[in-house]
Amino acid sequence: MSDPKSMSNPASTTRKHTALPKAQILIEALPWLTRHQGKTVVIKFGGNAMVDEELKSAFAQDVVFLHHAGLKPVVVHGGGPQISKALDRHGIVSEFKAGLRVTTEDAMDVVRMVLAGQVQRELVGLLNQHGPLAIGLTGEDAHTMTATKHQPCVDGELVDIGRVGEITEIDTGAIEALLADGRIPVVSSIARSQDDGHVYNVNADTAAAALAAALDAETLMVLTDVEGLYEDWPDSDEVISRLTATELEKLLPELASGMVPKMEGCLYAVRNGVHTARVIDGRVPHSILLEIFTDEGIGTMVVPDETEGDAA
């Protein structure tokens, strides 16, 4: 009769082999964890990830993971789909010019209510399921964002699009205090007016870029509903994985209007101290972790001209 102690345990061996890929994934993440340790990461939350329940949950898990991995995530959000629904309920027509929402005084009241009272609160709640981490604020709070009226140029003429702001100043004091206290700031893209007592609706991509630069962030990440910046859309769906600031600047006039604020934000960020700016597909669950902690990454990464030859 065989000694049971001398017999191998097939189940145990199988378990070891099954777990091995998990260990390999963790090891692959190690250099990226080391590189990003203690660094600030600004993430613009938007697109499909804002309306799909599973994607929202995965996003919250990613942000909390970054926090526990030693990074300092800051979330900036808009709320396009939610704002459009709320405006419809109030009988206010949604209109866009130059890729930006025309924001009347009545619309601004709705925008403010939706961003600070609905979208932000839901996101803070999702993050806080994992611990007392997230704190919500708007650009109005502690003068975090100050803006003046923005008038885009359409067909050579300046166009009035209402209470839409162009950021003139960022005060990072409140956000830095929250980060120092181990919190995750969640910032709504509303700014106080530099000129009067009103507030402005600020494009969330623009707000995230300005905040990333002011915080001297390691990276800016912009969630989108596409795979990244396409090489020759619509003739090709080949995604540009990496390009320099100058290369991006040359492409800007050819981009679809919806991508312009995102890519202009990336360009501004890398030209103002942010090491990398990334446009990633928010339709992919855990896209943030895939981009930061894997060798392949996903989406499009923009780098400053002077770091063109460096590893990202």
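**Reasoning from cut-offs: helices and sheets**

Mentor: In α8, the buried residues are P261, K262, M263, G265, C266, L267, A269 and V270. The model under discussion is a predicted one.

Trainee: What makes helix α8 largely enclosed by the rest of the structure?

Mentor: A residue is called buried when its relative accessible area is under 20%. Eight of the 11 residues of α8 (residues 260-270) are buried, so the helix is largely enclosed.

Trainee: Which elements cover the buried residues of α8?

Mentor: The cover includes the helices α6 (204-214) and α7 (245-251). It also includes the strands β1 (40-45), β13 (219-224), β15 (276-281) and β16 (300-303).

Trainee: How do you know whether α6 is roughly parallel or roughly antiparallel to α8?

Mentor: The axes of α6 and α8 lie 8 Å apart and make an angle of about 10°. That makes α6 roughly parallel to α8, because angles under 35 degrees fall in that class. At this contact, D205, A209, A210 and A213 in α6 meet P261, K262, G265, Y268 and A269 in α8. By class, six of the contact residues are nonpolar, one is polar and two are charged.

Trainee: Why is α2 called oblique to α4?

Mentor: The axes of α2 (residues 53-68) and α4 (residues 105-127) come within 9 Å and cross at roughly 60°. That makes α2 oblique to α4, because 60° is not under 35 degrees, not over 145, and not in the range 65 to 115. α2 passes α4 in a right-handed crossing.

Trainee: Which residues in α2 and α4 meet?

Mentor: From α2 come E53, K56, F59, A60, V63 and V64, and they meet E122, L123, L126 and L127 in α4. The contact divides into seven nonpolar, no polar and three charged residues.

Trainee: What makes β5 and β14 edge strands?

Mentor: Eight strands form an open sheet of mixed pairing, in the order β5-β10-β2-β1-β13-β15-β16-β14. β5 (134-138) and β14 (242-244) each pair on one side only, and are therefore its edge strands. The twist averages 20° from one strand to the next.

Trainee: How do you know that β1 and β2 pair?

Mentor: Pairing requires at least two bridges. β1 and β2 (residues 72-77) have six bridges, in the parallel sense, and V41 stands opposite P73 in β2. Helix α4 packs on this sheet, touching β1, β2, β5 and β10 (184-188), and its direction makes about 165° with that of β5.

Trainee: Why are β9 and β12 said to stand at the edges?

Mentor: Four strands form an open sheet in the order β9-β6-β11-β12, with mixed pairing. β9 (165-170) and β12 (199-201) have a single partner strand each, so one side of each is left without a neighbour in the sheet. Here the twist averages 50° from one strand to the next.

Trainee: How many bridges join β11 to β12?

Mentor: Three bridges join β11 (residues 190-193) to β12, and the two strands run antiparallel. A191 has Y200 in β12 as its bridge partner. α4 packs on this sheet, touching β11 and β12, and its direction makes about 80° with that of β12. α6 packs on the sheet too, touching β6 (145-149) and β9, and its direction makes about 15° with that of β9.

Trainee: Why does D281 count as buried or exposed?

Mentor: D281, found in strand β15, has 7% relative accessibility and therefore counts as buried, the limit being under 20%. Leaving aside neighbours within four places in sequence, D281 is in contact with T224, D225, V226, E227 and S287.

Conventions. Residues numbered from 1 in each chain as written. Predicted model: local features only at pLDDT ≥ 70, side-chain atom pairs only at ≥ 80, totals over all residues. Heavy atoms only, no water. Axes fitted to C-alpha atoms, helices over the stretch in contact; angles between N-to-C directions. Left-handed = near helix turned anticlockwise from the far one by under 90°. Contact = heavy atoms within 4.5 Å. Nonpolar A, V, L, I, M, F, W, Y, C, P; charged D, E, K, R; others polar. Buried < 20%, exposed > 50% of the residue type's maximum accessible area, 1.4 Å probe, protein only.
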